[in-house]
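Colleague: Hello! I am new to this structure, so could we look at it together, one step after another?

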Amino acid sequence: MVVPISAWIWARTFLAVCILLVIAGVSSSIMLVVGAAWDVPFAATVILIVVSYAVEAAFKRADQRERRAGYTTLRLKYQEFDQVDPRTGIVVRPVGEPFLSHAEWEARAQRAR
């Protein structure tokens with residue numbers, strides 16, 4: 001059985017793509033201003049825009065799949081669902097319990113592993 005990629009992993013991937021997108025966009029802008037070759041950073045920016053849309057769509061599908069299954073892997077969203085560790089699938093915050101701080105989440109995830 002193939003284990004689907006969690007919404008938490010897609011959210012982290014989306015963040016990384018957005019950071020790269022900002023770097024590429026700023027680079028192409030600077031190169032355009034100074035008169036250097038800006039075509040490569042511009043192309044990278046366009047590619048990263050397309051990739052960011054694909055990753056966002058994958059995140060939304062994973063998030064919906066998790067909620068239909070009655071859980072979430074997202075730390076600060078959906079208090080009405082069990083929060084599970086994205087690696088093990090073990091519940092780290094039961095339904096209705098307050099959101100966990102990062103330190104609490106790390107401690108419970110470590111115990112779950």
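Modeller: Gladly. Please keep in mind that this is a predicted model. Let us begin with its salt bridges.

Colleague: How many salt bridges does the structure hold?

Modeller: For a salt bridge, a side-chain nitrogen of Lys or Arg must come within 4 Å of a carboxyl oxygen of Asp or Glu. Going by that cut-off, the number of salt bridges in the structure is three.

Colleague: Which helix holds both E56 and K60?

Modeller: The side chains of these two, E56 and K60, meet in a salt bridge, with 3.6 Å from N to O. They sit four residues apart, about one turn of the helix, and the helix that holds both is α2, residues 39-69.

Colleague: Is K60 buried or exposed, or something in between?

Modeller: Anything between the limits of 20% and 50% relative accessible area is called partly exposed. Its partner E56 falls there, at 28% relative accessibility. K60 has a relative accessible area of 46%, so K60 is partly exposed.

Colleague: What separates R67 and D63 along their helix?

Modeller: R67 and D63 form a salt bridge, and their closest N and O atoms are 3.6 Å apart. Both belong to helix α2, and because they are four residues apart, the separation is about one helical turn.

Colleague: Which class does D63 fall into, buried or exposed?

Modeller: R67, on the other side of this salt bridge, counts as partly exposed at 29% relative accessibility. Buried means under 20% relative accessible area. D63 has 5%, so D63 is buried.

Colleague: How many residues apart in sequence are the parts that R108 and E97 tie together?

Modeller: The side chains of R108 and E97 meet in a salt bridge at 2.5 Å, N to O. R108 lies in helix α3 (residues 102-112), while E97 lies in the loop between β3 (91-93) and α3, so the parts tied together are, in sequence, eleven residues apart.

Colleague: What is the relative accessible area of E97?

Modeller: R108 counts as partly exposed, at 25% relative accessibility. E97 is partly exposed as well, and its relative accessible area is 24%.

Colleague: Leaving aside neighbours within four places in sequence, which residues is T45 in contact with?

Modeller: T45 lies in helix α2. At 12% relative accessibility, T45 is under the 20% limit and so counts as buried. With neighbours within four places in sequence left aside, the residues in contact with T45 are L21, A24, G25 and S28.

Technical notes. Residues are numbered from 1 along each chain as its sequence is written. This is a predicted model: local features need pLDDT of at least 70, side-chain atom pairs count only at pLDDT 80 or more; totals for chains, interfaces and linings use all residues. Side-chain values use heavy atoms; hydrogens and water are left out. Helices (H or I, at least four residues) and strands (E, at least two) are DSSP runs, numbered from the N terminus. Buried means under 20% relative accessible area, exposed over 50%, partly exposed in between (1.4 Å probe, protein chains only). Contact means heavy atoms within 4.5 Å.
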